[in-house]
Amino acid sequence: MKLHIYEHCPFCVRGQMIFGLKNIPFEKVIIMEGDAETPTRMVGRKMVPILEKDDGSFMGESMDIVKYVDGLSGERITDAPVDPQIEAWAKAATGPLFKLAIPRFTQGEFPELATPDARAAYLAREEKAFGSMKTLMASTPELLDEMNQKLRELEPLVADREQIDTSDFILFPLLRSLSIVKGIEFGPSVTGYTVNMAVQSKVSLLSDQAR
Ligand SMILES: N[C@@H](CCC(=O)N[C@@H](CS)C(=O)NCC(=O)O)C(=O)O
């Protein structure tokens with residue numbers, strides 16, 4: 001099976017996680033930013049992740065992909081609904097979280113941004129959605145204060161997480177996105193959780209390019 005992704009994309013992290021957690025081999029294929037033709041041919045719109053099954057058919061929507069791959073082998077891990085506390089935290093955190101992560105994604109070292117055209121297309125896409133990346137970068141101190149407070153609130157929620165379930169497909173991709181932000185403060189439980197999930201799901205963090 002092939003998973004078509006952007007490396008920076010948190011929804012694409014979900015797809016990679018289930019393959020990694022279940023130890024199911026897959027081929028990762030990068031779609032370049034600005035390439036609308038490839039995803040549109042596959043699923044009728046410009047959107048990733050896309051799973052290409054061995055029979056040549058395609059599936060979009062990250063959680064549909066997760067649930068499909070989860071059903072392929074071993075015990076299912078995504079039957080339970082998302083923990084309401086994790087869901088509420090994620091909902092409250094996404095504002096500052098993406099305002100911090102996205103301008104850094106646009107500057108990051110990702111294969112889908114490897115050409116000047118691809119990087120320009122990505123910058124244009126994000127500026128259309130979020131406004132000026134320069135303005136967001138300039139707001140870093142306030143956004144960091146807000147995000148670090150949210151991360152302190154997350155500590156007790158992850159401290160007693162014992163098994164991997166649906167909630168992790170919501171939470172880990174967000175924390176992996178935040179790992180590109182210099183000055184972000186993960187407490188001991190969030191650090192332990194994030195590192196453990198990265199190892200178990202075989203999805204690397206972005207700390208080496210934090211800015
Ligand atoms: N609901 C979708 C959302 C996926 C999504 O928003 N992907 C972004 C990349 S992070 C995307 O493809 N955006 C459209 C684009 O590249 O133009 C899912 O969960 O798979």
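**A walk from a loop to the ligand**

Let us start at N23, which has its place in the loop between α1 (10–22) and β2 (27–30). The model you are looking at is a predicted one, so please read the geometry that follows in that light. What is the sign of phi at N23, positive or negative? Phi of N23 is positive, near 55°, in a residue that is not glycine. That deserves a moment of attention, because most residues other than glycine have a negative phi. As for its surroundings, N23 counts as exposed because its relative accessibility is 59%, and the cut-off for that label is over 50%.

A second residue invites the same kind of look. E61 is not a glycine, yet its phi is positive, at about 70°. You will find E61 in the loop between β4 (58–59) and α3 (62–70). With a relative accessible area of 44%, E61 is partly exposed; exposed would call for a value over 50%, and buried for one under 20%.

E61 also brings us to the ligand, since E61 is one of the residues that surround it. Which other residues make up this shell? Along with E61, the ligand has Y6, C9, F11, R14, K46, M47, V48, P49, S62 and R125 around it. Sorted by character, the shell holds six nonpolar residues, one polar residue and four charged ones. S62 is the polar member, because Ser falls outside both the nonpolar and the charged lists. The four charged members are R14, K46, E61 and R125, because Arg, Lys and Glu count as charged.

Where does the ligand sit? Its place is in the largest pocket. Now zoom in on the ligand's oxygen atoms. A polar side-chain atom of S62 is found 2.6 Å from an oxygen atom of the ligand. From V48, a backbone N or O atom lies 2.9 Å from a ligand oxygen atom. R125 contributes a polar side-chain atom at 3.3 Å from an oxygen atom of the ligand. These pairs qualify as polar contacts because their distances fall within 3.5 Å. As for cover, the ligand taken alone exposes 510 Å², and the protein buries 81% of that.

Stay with V48 for one more step along the chain. The peptide bond that joins V48 and P49 is cis, with omega of about 5°. This is worth pausing over, because most peptide bonds are trans. Both partners of the cis bond, V48 and P49, belong to the set of residues around the ligand. P49 itself is found in the loop between α2 (37–43) and β3 (50–52).

From P49 we can step across to V13. The two residues are 36 residues apart in sequence, while their C-alpha atoms are 8.6 Å apart in space. V13 is found in helix α1. Is V13 buried or exposed? V13 counts as buried, because its relative accessibility is 0%.

Next, turn to strand β1 (residues 2–5), where H4 has its place. H4 counts as buried because its relative accessibility is 5%. Its side chain has a partner: the side chains of H4 and E52 make a polar contact at 2.8 Å. A little further along the chain, E7 lies in the loop between β1 and α1. E7 is buried, because its relative accessible area is 17% and the limit is under 20%. Between E7 and V29, 22 residues apart along the chain, the C-alpha atoms are separated by 9.6 Å.

To finish, here are two helices from later in the chain. Helix α5 (residues 116–130) contains D117, which is exposed because its relative accessible area is 65%. From D117 to I24 the distance is 34 Å, C-alpha to C-alpha, with their positions 93 residues apart in sequence. Helix α7 (residues 140–159) holds L143. Because its relative accessibility is 8%, L143 counts as buried. L143 and T191 are 48 residues apart along the chain, and 20 Å separates their C-alpha atoms.

Terms used:
Residues are numbered from 1 along each chain as its sequence is written. This is a predicted model: local features need pLDDT of at least 70, side-chain atom pairs count only at pLDDT 80 or more; totals for chains, interfaces and linings use all residues. Side-chain values use heavy atoms; hydrogens and water are left out. A residue is near a molecule or strand if one of its heavy atoms lies within 4 Å of it. A polar contact is a pair of N or O atoms within 3.5 Å; within protein, one must be able to donate a hydrogen and the other to accept it, and residues adjacent in sequence count only if both atoms are side-chain atoms. Accessible areas come from the Shrake-Rupley method with a 1.4 Å probe; for residues, only the protein chains shown count as cover. On a 1 Å grid over the protein atoms alone, a cavity is a set of points where a 1.4 Å probe fits but cannot get out, and a pocket is an open set with protein on both sides within 12 Å along at least five of seven lines; lining residues have an atom within 4 Å of a point. A molecule sits in a cavity or pocket if more than half of its atoms lie within 2 Å of its grid points. Helices (H or I, at least four residues) and strands (E, at least two) are DSSP runs, numbered from the N terminus. Buried means under 20% relative accessible area, exposed over 50%, partly exposed in between (1.4 Å probe, protein chains only).
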